[in-house]
Amino acid sequence: MSEASFPHRDLVGIAPLSAKDIELVLDRAEKWAAFNRGQRRRGDRLAGITQINAFFEPSTRTMISFELAGKRLGADVVALQATGSSMAKGESLIDTVRTLDAMGPDILVVRHGRTGAADEIAGAVNAAVVNAGDGTGEHPTQALLDALAIRRHFGRIAGLTVAICGDIAHSRVARSNLLALGKLGVKLRAVGPQALLPEDGDDIALFTDMDEGIAGADVVMMLRIQRERMDDALAGKLEDYRARYGLSRERLRRVAPDAVVMHPGPMNRGVEIESAVADDAERSLILKQVELGVAVRMACLDLLAGGG
Ligand code: CP
């Protein structure tokens with residue numbers, strides 16, 4: 001591996017990372033992606049390193065890919081079963097993570113429904129903390145894997161136009177992507193109902209009209225409506241959402257000729273995205289995003305464990 005270094009103890013968000021840090025993660029992830037395509041995917045680079053995954057909110061992609069990532073690098077990986085933990089007896093989140101930390105993990109991967117929880121945990125433990133998603137805060141490894149998927153497809157990132165569409169206000173994926181892609185020189189658009197657009201549009205073009213927002217875009221990144229994070233009044237205003245913002249084949253005619261479609265998952269087919277678009281092998285990067293998620297998480301774990 002190269003002599004470049006990753007000058008961060010934790011990975012709580014994209015905000016503290018420089019473009020150089022992001023590119024280092026992506027370059028390292030390229031190597032792990034090739035490794036993951038091999039026949040025997042078990043290395044020893046993190047032998048002797050202990051990784052605890054503590055997911056206090058549901059997950060499929062992130063949880064399994066962090067487990068695979070640690071195991072493929074040879075780490076000892078343990079998962080806290082949050083529903084069966086002593087939090088059910090009233091133990092607080094911070095007491096829970098301090099208890100885990102007392103067992104001496106090197107890396108603690110955490111997902112929590114409260115914005116700011118990962119930062120709070122990072123301040124309370126000795127282990128390196130990786131934020132696997134905190135409320136509406138950040139989801140840094142999702143943004144890094146999205147950036148890798150874009151870079152791989154186009155061979156570059158700077159100068160591309162990326163339209164992030166849907167429930168941006170409640171999306172940690174959108175927040176991390178806006179930060180990461182902005183640092184990498186992408187022309188950013190946010191597209192959605194006014195109530196779901198970001199408040200601060202600096203360097204981000206805002207659109208409430210989907211057809212205008214995706215016109216000529218190189219990447220259309222669709223997001224799920226996060227009804228679990230909104231009140232009934234707002235949810236009630238979204239009845240015509242599918243017609244106004246759903247990504248259909250018809251609507252996709254407006255994008256750049258070689259444009260791609262992305263979605264972090266989980267998808268609500270027939271709401272924000274039609275199945276014909278999600279499953280379009282020519283345009284959809286959705287399963288490629290999932291595949292690259294393992295490689296990006298391997299790169300992050302390795303760099304945080306001192307593999308800089
Ligand atoms: N994209 C993402 O975070 O998916 P999961 O909730 O399944 O981990």
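These exercises walk through a pocket, its ligand and a cavity in a predicted model.

Residue numbers start from 1 along each chain as its sequence is written. In this predicted model, local features need pLDDT of at least 70 and side-chain atom pairs count only at pLDDT 80 or more, while totals for chains, interfaces and linings use all residues; side-chain values use heavy atoms, with hydrogens and water left out.

**Exercise 1.** Describe the second largest pocket and its lining.

Solution. Start with the term: on a 1 Å grid over the protein atoms alone, a pocket is an open set of points with protein on both sides within 12 Å along at least five of seven lines, and lining residues have an atom within 4 Å of a point. The volume, meaning the space filled by probe spheres set on the points, is about 380 Å³ for the second largest pocket. Next, look at the 21 lining residues: R111, R172, R224, G265 and P266 are the closest to the centre. Two elements, α2 (61-72) and α6 (172-183), give two or more residues to this lining. Finally, sort the lining by class: 5 nonpolar, 9 polar and 7 charged, with Gly counted as polar.

**Exercise 2.** Find where the ligand sits and what it touches.

Solution. The ligand sits in the second largest pocket, a term that asks for more than half of its atoms within 2 Å of the grid points. With a heavy-atom limit of 4 Å, the residues around the ligand are S59, T60, R61, T62, R111, H139, Q142, P264 and G265. Now check the polar contacts, pairs of N or O atoms within 3.5 Å. A ligand oxygen lies 2.8 Å from a polar backbone atom of T60, and a polar side-chain atom of T62 is 2.6 Å from a ligand oxygen. On G265, a polar backbone atom is 3.2 Å from a ligand nitrogen.

**Exercise 3.** Characterise the peptide bond between G265 and P266.

Solution. First recall that most peptide bonds are trans. The bond joining G265 and P266 is cis, with omega about -5 degrees. Then place P266: it belongs to the loop between β9 (260-262) and α11 (275-278).

**Exercise 4.** Which residues line the largest cavity?

Solution. A cavity is a set of grid points where a 1.4 Å probe fits but cannot get out. The structure holds 1 cavity of 30 Å³ or more, and the largest cavity has about 60 Å³ of space. Its lining consists of R61, S65, Q142, L145, P264, Q289, V290, G293 and R297. Of the contributing elements, α12 (286-304) gives the largest share, 4 residues.

Notes
Polar contact = N/O pair within 3.5 Å; in protein donor to acceptor, adjacent residues only side chain to side chain.
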